[in-house]
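Open the model in your viewer, keep the selection tool at hand, and follow the stops below in order.

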Amino acid sequence: MGADVAKLSYRDISKSFGGTDVLKSISLDVEDGEMIALLGPSGCGKTTMLRLTAGFERPDCGSILKGNTLLSDQRNHVAPENRNMGIVFQSYALWPNMTVAENVAYPLKIRKLPEDQIDIILFNALETVSLLDFAEAEPAILSGGQRQRVALARCLVMEPDAVLLDEPLSNLDAHLREVMQRTFLQFHEQSKATMLYVTHDQAEAMALADRIAVMFDGQLEQVDRPQDLYRKPKTERVARFIGQSSILTAYLERKSEGERRDVVINGQVFSTRQSNEIALMPEATPVSLCVRPEHIRLDHQNGLPARVTSSSYQGERYRVALEMSDGTDVVAYSEHKVKPDELVRFTFENAWAM
Ligand code: ATP
C-alpha cells in the first residue's frame, strides 16, 4: 500500500438535485491523515460532499478517489460498505438496546474477530474516549457528549481509512462542545485517519482542522490553514465568514514594498499587507481592506472619524461597533467603556487588501 492510501481526491465534482446545481465543479485534495473542515452556510452543499464521499450519492460529473482507488465517477461506484470509511452523525445512531461496550464492539463481531482480540480493541477504544466506566451502561442514561464518544469509539475500532463527520457537535451545549473538541483531536491523533468534518461553526473549524475548505453556493471559495484564512482571506465573503472583520474601501498608493503597500482612506494614509495580485495593481485602484478588531485602535485625536453605535462588555474587554459617515460598519475592541453616539477616531496597524 502506498503512503497516501487514504488521500481523498475530488476532481471536478458536480451534483444537482431536481435541476438545482448543489455542487459546481469541486476539486479538492485531502491529504492522507489530514483533517479538513468543510465550512459554509446552511445549504451550500457540505453534506452532499460528505454523502458523495461515503458513497450514498453518485456525482453527475467528475471523480472521487481514495489513494489510487477510484471510488466514484459516472460509470464506477464502490458501495459504501466497501470504502472503509467511518461516519459520525450529529444524531449518534447508537443501538438503544445494547450496552456501550456492545455498541462499540458490534463492527468487530460482524467481522467475526476472536473474543480476546475484540476485548483488547474495545478496551483501547473506550479508554481513548474516556468511557471505560460506562462500558456496561445503556445509551439512554448517557449525556449527548458521552453518546457522541460512543459513536467515536465505534468508529475507532473499525480502523477506517477516512472518517466523515457531519456536524457531530451541533446537538451539544457550548461547554461540552469545547470538551468534545479535545476528544476529536485525540481521536484524530489516535486513528491517523483522513478526516472530513462538516460544520457551519467557524470557531469549531478553526480549533480542529488542519485546513478549512470554505464553501458558498456549491463552490469552494478558499482552502487554507486556519491562520491563513484569518490573515489572508481571498474574498470579502470569506473575511466576513471567518472571525470578525471590518471591510473598508481604500485606494492604492504607488509605494509598494513586497507584501506591504500604502493605501488612502478619506485622505489619510495607512499601511496594509497585500496579495501578489494586488501588488501588480496600479495607483488609485480601489480595493477592499479587511481589518480585524484587535488591530483597530480607538483614539480621540487621530485617524478616521466614526460614531459609536453600540458597546458591549465581554469580560476581558468591550466590543465596540462603529459607523463611519458613509455607513461603513467597523468593529473594534476597547479596554475602556465608550458610550453609544460618542464620536471617536480610529486607526489600524494591520490590514489585508483583497
Ligand atoms: P446544512 O448545513 O443546512 O445541512 P449543507 O451545506 O450541508 O446544509 P446540503 O445538505 O448538502 O447542504 O444541501 C445542499 C442543497 O441540496 C440544499 O438546498 C438541499 O435542499 C439540496 N439537497 C440535498 N440533498 C438532496 C436530495 N437528496 N434531494 C433533493 N435536494 C437535495
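A crossing of two helices is called left-handed if the near helix is turned anticlockwise from the far one by less than a right angle, and right-handed if it is turned clockwise. Keep in mind throughout that this is a predicted model.

**Stop one: helix 2 and helix 4**

Select residues 100–110, which form helix 2, together with residues 144–157, which form helix 4, and you will see two axes that come within 8 Å and cross at roughly 25 degrees. Angles under 35 degrees count as roughly parallel, and helix 2 and helix 4 are therefore roughly parallel to each other. When you look along the line from one helix to the other, the crossing of helix 2 and helix 4 is right-handed. Now show the side chains: on the helix 2 side the contact is made by Val100, Asn103, Val104, Pro107 and Leu108, and on the helix 4 side these meet Val150, Ala153, Arg154 and Val157. Colour this contact of helix 2 with helix 4 by class, and it divides into seven nonpolar residues, one polar and one charged.

**Stop two: helix 2 and helix 3**

Keep helix 2 selected and add helix 3, residues 115–128; here the axes come within 10 Å and cross at roughly 125 degrees, which makes helix 2 oblique to helix 3. The crossing of helix 2 and helix 3 is right-handed. Which residues of helix 2 meet helix 3? They are Val100, Ala101, Val104, Ala105, Leu108 and Lys109, and their partners in helix 3 are Glu115, Ile118, Ile121, Leu122, Ala125 and Leu126. Sorted by class, the contact of helix 2 with helix 3 has ten nonpolar residues, no polar ones and two charged ones.

**Stop three: helix 4 and helix 5**

Return to helix 4 and add helix 5, residues 174–191, whose axis lies 11 Å from that of helix 4, the two packing at an angle of about 10 degrees. That angle makes helix 4 roughly parallel to helix 5. From helix 4, select Gly145, Gln148, Arg149, Leu152, Cys155 and Leu156, which meet Leu176, Met180, Thr183, Phe184, Phe187, Gln190 and Ser191 in helix 5. The contact of helix 4 with helix 5 is made up of seven nonpolar, five polar and one charged residues.

**Stop four: the largest pocket**

Next, select Met85, Gly86, Ile87, Arg154 and Met158, which, among the 23 residues that line the largest pocket, lie nearest its centre. The volume of the largest pocket is about 550 Å³. Strand 6 (85–89), helix 2 and helix 4 are the elements that give two or more residues to its lining, and strand 6 gives the largest share, five residues. By class, the lining of the largest pocket holds 16 nonpolar, three polar and four charged residues.

**Stop five: the second largest pocket**

Finally, move to the second largest pocket, which has a volume of about 270 Å³. To centre your view there, select Ile296, Leu298, Tyr333, Ser334 and Glu335, the closest to its centre of the 17 residues that line it. Strand 15 (296–299) and strand 18 (329–334) each supply at least two residues of the lining of the second largest pocket, and the largest share, four residues, comes from strand 15. How does this lining divide by class, and how many of its residues are charged? The lining of the second largest pocket has six nonpolar and four polar residues, with seven charged ones.

Methods. Residues are numbered from 1 along each chain as its sequence is written. This is a predicted model: local features need pLDDT of at least 70, side-chain atom pairs count only at pLDDT 80 or more; totals for chains, interfaces and linings use all residues. Side-chain values use heavy atoms; hydrogens and water are left out. Axes are lines fitted to C-alpha atoms, for helices over the stretch in contact, and angles run from 0 to 180 degrees between N-to-C directions. Angles under 35 degrees count as roughly parallel, over 145 as roughly antiparallel, 65 to 115 as roughly perpendicular and the rest as oblique. Contact means heavy atoms within 4.5 Å. Ala, Val, Leu, Ile, Met, Phe, Trp, Tyr, Cys and Pro count as nonpolar, Asp, Glu, Lys and Arg as charged, and the others, Gly among them, as polar. On a 1 Å grid over the protein atoms alone, a cavity is a set of points where a 1.4 Å probe fits but cannot get out, and a pocket is an open set with protein on both sides within 12 Å along at least five of seven lines; lining residues have an atom within 4 Å of a point. Grid points are joined across faces, edges and corners, and a volume is the space filled by probe spheres set on the points.
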